[in-house]
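Please find below my notes on the model, set out as numbered points. They go from the whole chain to single elements and then to ring contacts.

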Amino acid sequence: MLPNCSASCPGCPAVAGSGDSAGLPLVTSPADFRPKDECGVCGIFGHPYAAKITYFGLYSLQHRGQESAGIVVSDGEQIRQHKGMGLVPEVFSEEDLSQLEGRLAVGHVRYSTTGASNIVNAQPFVATHRGATMAVAHNGNLVNIRSLRNELEEQGSVFQSTMDSEVVVHLMARCRDQDLEHSIVEAFRQIKGAYSILLMTKDKLVAVRDPGGFRPLCLGKLNNGAYIVASETCALDLVEAHYIRDVEPGEVLIIDENGLRSLSLGQDQPRSFCIFEHVYFARPDSDIFGINVYQSRKRMGEILARECPLDADLVMPFPDSGNYAAVGYSQASGIPFEMGVIRNHYIGRTFIQPTQSMRDFSVRVKLNPVRSFLENKRVIIMEDSIIRGTTARSRVRSLRGVGVKEIHMVISCPPTRNPCYYGIDFPSGGELIANKKTVEEIRQYLDLDTLYYLSLDGLVEATGAPADYFCKACFDGKYPVPPDPEFHKNSLGCGASTLPCR
Ligand code: SF4
């Protein structure tokens, strides 16, 4: 029996093994959890409008964090900063940018969970290191941060914030070697976990990527010879920079007036590229870990058509979850691709709650099924993930409500059974529906005719890379860098630990 299928194909033994749906409470919250990446970073060296270019870089990376944004700039003498809560265009006005003069800049967009969302935790983090001002912008999550912090506090360090980035600065300050580059290497050798970090002094931009390379980080060059380092290649495209290469796992890349040079953290570790970047987080126009995301997502759909061939009238996504995989499934199966659900593009961040009788309002206000088109149809829905299951359940209910005859749901990744410790804000294991229920139980809970998840082998095949390239821990539970026992799930590595600042 396929562990990731609940299809009711005649003769399949999976049909006989149906379980009950007990065990997971029905969550009545109108909004389901969608996993969030916790940050995006962008840095520029050598451009007269460094802040403005960084702004556009952050604009492209907005999907990686929507709660705060910041840019720190250096004119070679002075460091200036502007940060705020909200989306990039809400945080920066033309006037704000015009005051950020300098040829060197780092920027950051951040997502945080409720409670840690405040301006204090907005990045880049600015600190003084041996009398020199430095800015730090971080994407990822450090898994030994609590023990490092305890150790530093016992040695007399006093922390101003709850940010992981501040720990980095304290570790550098503790280094015996006065040289900046060596203090960076020594500090990062003590850190475990996922980090793609940009550090900026008044005359240097330094990019550091953890030895596993969990989070992406790429290097490009603008037409005037300025360098750009960013979380995703889509940031390079917008500012017309050409891609040079990825910052290598375990590399410390220094950019200054002398050009580029690299140091190694000297820590051998297998590649641990986050495969979920390809499933969900990264923009499809980006190349992540050297692989184009649009094409890998399309291949996920093609492989799903091979692994789970279904008889239906159409295949469709709920925009924008599963769009490209749905195209792949359609082309491989010959089943027409349709957009049977219409998205309202003018939804604000909040709206007045309707009366209680308006069930699934928050789903329908954004996504409305086309009743006259879908009625009596057999439909394949492509989704990129199911986390808690509440959104999927509301979506299925909205399709049943317009008279869809059969609903088959295919998911472009395996069941998400485990939390992420490396910079993606998943719920705890107990809140993940696939952690509690079998695929058949989830199918029943969602009221589907078929539920099928892409196999892990199929997911890896879709990327075209070897399996040992990737971290796949949220699917297989094999964590490449085990967190310290003191690791707290709410430690938000991108700078917003919810641990109390002692
Ligand atoms: Fe990515 Fe999942 Fe690994 Fe987290 S656990 S880094 S989301 S593959």
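**Notes on the predicted model**

1. The accessible surface of the chain comes to about 20000 Å², and 50% of that area belongs to carbon and sulfur atoms. The model is predicted, and local features are taken up where pLDDT is at least 70. The chain has 502 residues, of which 59% are buried. It is divided into 17 helices and 25 strands. Of the contacts between residues at least 6 apart in sequence, 71% join residues at least 24 apart.

2. Helix H1 is mostly covered, with eight of its eleven residues buried. These are Ala 50, Ala 51, Ile 53, Thr 54, Tyr 55, Gly 57, Leu 58 and Ser 60. Which elements cover them? The cover includes strands S2 (39–45), S3 (68–74) and S5 (104–110). It also includes helices H2 (88–91), H3 (94–98) and H7 (233–238).

3. Tyr 59 belongs to helix H1, which spans residues 50–60. Its relative accessibility is 44%; because buried means under 20% and exposed over 50%, Tyr 59 counts as partly exposed. Together with Phe 56 and Leu 238, Tyr 59 makes a nonpolar surface patch of about 290 Å². Tyr 59 is also part of a cluster linked by ring pairs, whose other members are Tyr 55, Phe 56 and Phe 92. Phe 56 and Tyr 59 thus appear in the patch and in the ring cluster.

4. Helix H6 (residues 180–189) is likewise mostly covered: seven of its ten residues are buried. The buried set consists of Leu 180, Glu 181, Ser 183, Ile 184, Val 185, Ala 187 and Phe 188. Glu 181 is thus one of the buried residues of H6.

5. Leu 219 is found in strand S10, residues 218–221. Is Leu 219 buried or exposed? Its relative accessible area is 0%, so Leu 219 is buried. Leaving aside residues up to four places away in sequence, Leu 219 touches Tyr 227, Ile 228, Val 229, Leu 236, His 242, Tyr 243, Ile 244, Arg 245, Leu 253, Ile 255 and Leu 260. One of these, Leu 253, is 34 residues from Leu 219 in sequence, with a C-alpha to C-alpha distance of 9.6 Å.

6. The structure holds 15 aromatic pairs. In one of them, Tyr 421 and Tyr 479, the ring centres are 4.8 Å apart and the planes stand at 35°, so the pair is tilted. The cut-off matters here, because planes under 30 degrees apart would count as stacked. Tyr 421 lies in the loop between strand S22 (406–411) and strand S23 (424–425), while Tyr 479 is in the segment after helix H17 (473–476), so the pair ties together parts that are 58 residues apart in sequence.

7. How do the two partners of this pair differ in accessibility class? Tyr 421 has a relative accessibility of 18% and counts as buried, whereas Tyr 479, with a relative accessible area of 21%, is partly exposed. The boundary between these classes is 20%, so the two values fall on opposite sides of it.

8. Charges over rings should be listed as well. The charged end of Arg 149 sits over the ring of Phe 159, at 4.1 Å from the ring centre. The ring of Tyr 445 has the charged end of Arg 393 over it, 4.4 Å from its centre.

Definitions and conventions
Residues are numbered from 1 along each chain as its sequence is written. This is a predicted model: local features need pLDDT of at least 70, side-chain atom pairs count only at pLDDT 80 or more; totals for chains, interfaces and linings use all residues. Side-chain values use heavy atoms; hydrogens and water are left out. Rings of Phe, Tyr and Trp (its six-membered ring) pair if their centres lie within 6.5 Å; planes under 30 degrees apart count as stacked, over 60 as edge-to-face and the rest as tilted. Helices (H or I, at least four residues) and strands (E, at least two) are DSSP runs, numbered from the N terminus. Buried means under 20% relative accessible area, exposed over 50%, partly exposed in between (1.4 Å probe, protein chains only). A charge sits over a ring if NZ of Lys or CZ of Arg is within 6 Å of the ring centre and within 35 degrees of the ring normal. Patches are made of residues with over 30% relative accessible area and no salt bridge: like charges are joined within 9 Å, nonpolar side chains (Val, Leu, Ile, Met, Phe, Trp, Tyr) within 5 Å. Accessible areas come from the Shrake-Rupley method with a 1.4 Å probe; for residues, only the protein chains shown count as cover. A salt bridge is a side-chain nitrogen of Lys or Arg within 4 Å of a carboxyl oxygen of Asp or Glu. Contact means heavy atoms within 4.5 Å.
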